[in-house]
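Please open the structure in the viewer with side chains available for display. The tour proceeds by selection, one site at a time.

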Amino acid sequence: MTDAIALLVVVPIVLALVPIALGRLWDGAGWVAAALAALAHLGLSVTVAAKVFSTGRFTYAVGGYTPPFGIELVADGISATLVVLVSVVTVAVVLYARRTGPDSNSFYSELLLLTAGISGVFVTGDVFNLYVFIEITGLATYALVATGRSPAAALASLKYLLVGTIGASLYLLGVGYLYIATGTLNMADLSTQLQAVGYDSPLVLTGFALLVVGLAVKSALYPLHTWQPGAYAESPDSVTAYISALVSTAAAYALFRLVYAVFTPAFDAAVPFALDALVLLASVSVVVGSVLAVLQSDLKRMLAYSSVAQFGLVVAGFAVANATAVTGGLVHLVGHAIMKAGLFVGVGALAGVAGGRTVDDLAGVADRAPVVSAAFAILAFALVGVPPAVGFAGKWHIVLGAVEGGRWGVAAVAVVSTLLTLAYFARVVEQMYFQDAPAATADTVSGPDATATADTDAALTPDGGESGSESTDDAKTTGASGITIEARIVVVAAAVGAVVLGLFASDLIAVFEPVLEVYFQ
C-alpha cells in the first residue's frame, strides 16, 4: 500500500485540526487527537518500512503527476527507518505530555504539524518540497518553544524564528540557483542534470554553498547554533525532548540526502574543497560544542551544547564521504535521537525531585529516584560511546571511516569529543550517586514555592514507591518522588532502546547498506 507514505504527512495535518475544532467543547480533544495520530503514524511507518524491507526502494507520485514535474515521495532503508523513529518518539512524547503538559489543545495541534513536517522531510524526493517541509517544521517549532509561557521562552522562540528564517531563506536561494542551472527540482533528475551542467559551474557551487549553510543553521552547527541553547533550555520538557530528538535530525538527514542523492560522490571528486570545508565546519562544531557543554551548570543547556557537538560529529561522518563513515553518521543520527529524548525527559523528571536542574541540584538524587537515575546514567554513558550501546557503534564507524579516508583530524576530533562528553556526564553521575542531598531547611519546607512540598515528599520514598497516605488520582500515577509513571516508562524505554540498538547495530547497518551501495558503487 504505497499510499501509506503520503498518509504519513496527511494524517497528522488532518488530526491537527481536531483540537482547534473541538477545543472549546472538550479540553481533552488535543491529547486524544495526538494519541490517535501518533498510533496511526506508527502503523503507517511500519507499513512503509515493511514494504521497503520486502520489495526494496519505492516511490510515490503525489496526485498522479509523474516526476520530474510532479512531487515525488521516496522510501528506502534509511528514510523508512527514520519515519519509524518519528513514530516512536511521537508516541513517547505524547505519552509523557499526558501528565507533564503543556495541557493546551494548541500545543497538540502544533506538535502534530511538526510531526507532519519532519515526516515530509524524510520522505520527499523534491528539493523545493523539502523547503516546504522544513518551513512547516520550523514554524511549528517556533510556536512550541513559546509554549513555555515565560519571557525567556518568548525570547528564545523569537531568536529561533529570526535565525531559522535566515537558514530557510539561504536554503531556498540555493534551490533557486540549482533550478536556474538545471531547470528541475526533482532530486533524482537533479543528480543527472548537475553532472551535465558541470559541478564546477558557478551556479552549482553557489547553490551548494547556500544549501549547506542553510541546513547547517537548522542542524545547529557552530557558529550557526545560537538559536539552540535558548530553545532547548526554555521550552517545556516535553517540547525539548521532541525537538532535540527530531528537528535537527531532520535537517542533518536533509543535508545527507542532498550531498549524496543530488550532488553525489562525483561532486566531491570534482570539487574536493567543498566537502573539505564541511569537514572543517563540522569538526569545529564537535570541539566547541563539547567544550561549551563542559562549562555549563544548567543541565538542559549542557545537553543543548552536547547536541551541537553530536550533530557536528554526524555531519563530519557524512562529509568524510566514504561508506563506512556515512554509515556511522546515520547510525549515530538514529541513536542520538533516542538517547537525547530520553536524557531530556530524565532531566525534567529528576529536576522535579531535586527542586532544580543544575548539576549541583542533583546531589544525592539517585537515592530518591533510583530507577530514573539509573536509566539516565545508562543514556549518558551510551552517548559517551560506551559499548554495547548504540553510541559506540556510530562513533566507531565514523572514526574507522575517517581513518580509511585519511581524515586523521576527524578521527582525533571524535576521540577528543568522546573524552569531553565523558567529562560533563561524569560530573552529573558523580553528583547523583556520590554526593549527599542537601538537608532540608525550615525555609524550604514552609516556603511559598510549590515544589518545596514535592521535594520534601521526594526525600521520603524512592521513585516507583507508593505512599500509604496518598489517595488522590495523581498519587496513583506517580510515586512519592513526584515522577510520573509515564516519565519512568519513557526514560527506561529510551535506555533499553539505546542498548538494544547497539547490540543489533549490525542489523541496522544492513538496512542502510543497499542505499549506500547505490551512492558509492
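Select Asp276 first; in this predicted model, Asp276 is partly exposed, with a relative accessible area of 34%. Asp276 belongs to helix 11, residues 272–294. Add Arg407 to the selection: the two residues form a salt bridge whose closest N and O atoms are 2.7 Å apart. Arg407 sits in the loop between helix 16 (390–404) and helix 17 (408–434), and the pair links distant parts of the chain, 131 residues apart.

Next, select Arg357 and Asp298. These residues also form a salt bridge, with 2.8 Å between the closest N and O atoms. Arg357 lies in the loop between helix 13 (323–354) and helix 14 (365–368), while Asp298 lies in the loop between helix 11 and helix 12 (299–320), so the salt bridge ties together parts that are 59 residues apart in sequence. Colour the two residues by accessibility: Arg357 counts as partly exposed at 26% relative accessibility, whereas Asp298 is buried, with a relative accessible area of 18%.

Salt bridges can also share partners. Which residues do they join into one network here? Select Arg98, Arg99 and Glu486, which are joined in this way. Within this network, Glu486 forms a salt bridge with Arg99, the closest N and O atoms being 3.8 Å apart. Glu486 is in helix 21 (residues 485–503) and Arg99 in helix 3 (residues 77–100), so the pair connects parts that are 387 residues apart in sequence. Is Glu486 buried or exposed? At 7% relative accessibility, Glu486 counts as buried; Arg99, at 33%, counts as partly exposed. In total, the structure holds 6 salt bridges.

Keep helix 3 in view and select its two ends. The end C-alpha atoms are 35 Å apart, which agrees with the 34 Å that its 24 residues should span at 1.5 Å a residue. At the start of helix 3, display Asp76 and Ile78: a side-chain oxygen of Asp76 reaches to within 3.1 Å of the backbone nitrogen of Ile78. Then move to Gly101, just after helix 3, where the residue takes a positive phi of about 80°.

Return to helix 3 and select Ala97, which is found in this helix. Ala97 counts as buried, at 0% relative accessibility. Which residues does Ala97 touch, leaving aside those up to four places away in sequence? Display Phe107, Tyr108 and Ser238, which are its contacts on that basis. Then draw a distance from the C-alpha atom of Ala97 to that of Ala487: these residues are 390 residues apart in sequence and 8.8 Å apart in space.

For the last stop, switch to a surface representation. Select Val371, Val492, Val496, Val500, Leu503 and Phe504, which make a nonpolar surface patch of about 490 Å². Helix 21 provides the largest share of this patch, 4 residues. Val371 is placed in helix 15 (residues 370–384). At 38% relative accessibility, Val371 counts as partly exposed.

Key. Residues are numbered from 1 along each chain as its sequence is written. This is a predicted model: local features need pLDDT of at least 70, side-chain atom pairs count only at pLDDT 80 or more; totals for chains, interfaces and linings use all residues. Side-chain values use heavy atoms; hydrogens and water are left out. A salt bridge is a side-chain nitrogen of Lys or Arg within 4 Å of a carboxyl oxygen of Asp or Glu. Buried means under 20% relative accessible area, exposed over 50%, partly exposed in between (1.4 Å probe, protein chains only). Patches are made of residues with over 30% relative accessible area and no salt bridge: like charges are joined within 9 Å, nonpolar side chains (Val, Leu, Ile, Met, Phe, Trp, Tyr) within 5 Å. Accessible areas come from the Shrake-Rupley method with a 1.4 Å probe; for residues, only the protein chains shown count as cover. The expected span of a helix is 1.5 Å times one less than its number of residues. A polar contact is a pair of N or O atoms within 3.5 Å; within protein, one must be able to donate a hydrogen and the other to accept it, and residues adjacent in sequence count only if both atoms are side-chain atoms. Contact means heavy atoms within 4.5 Å.
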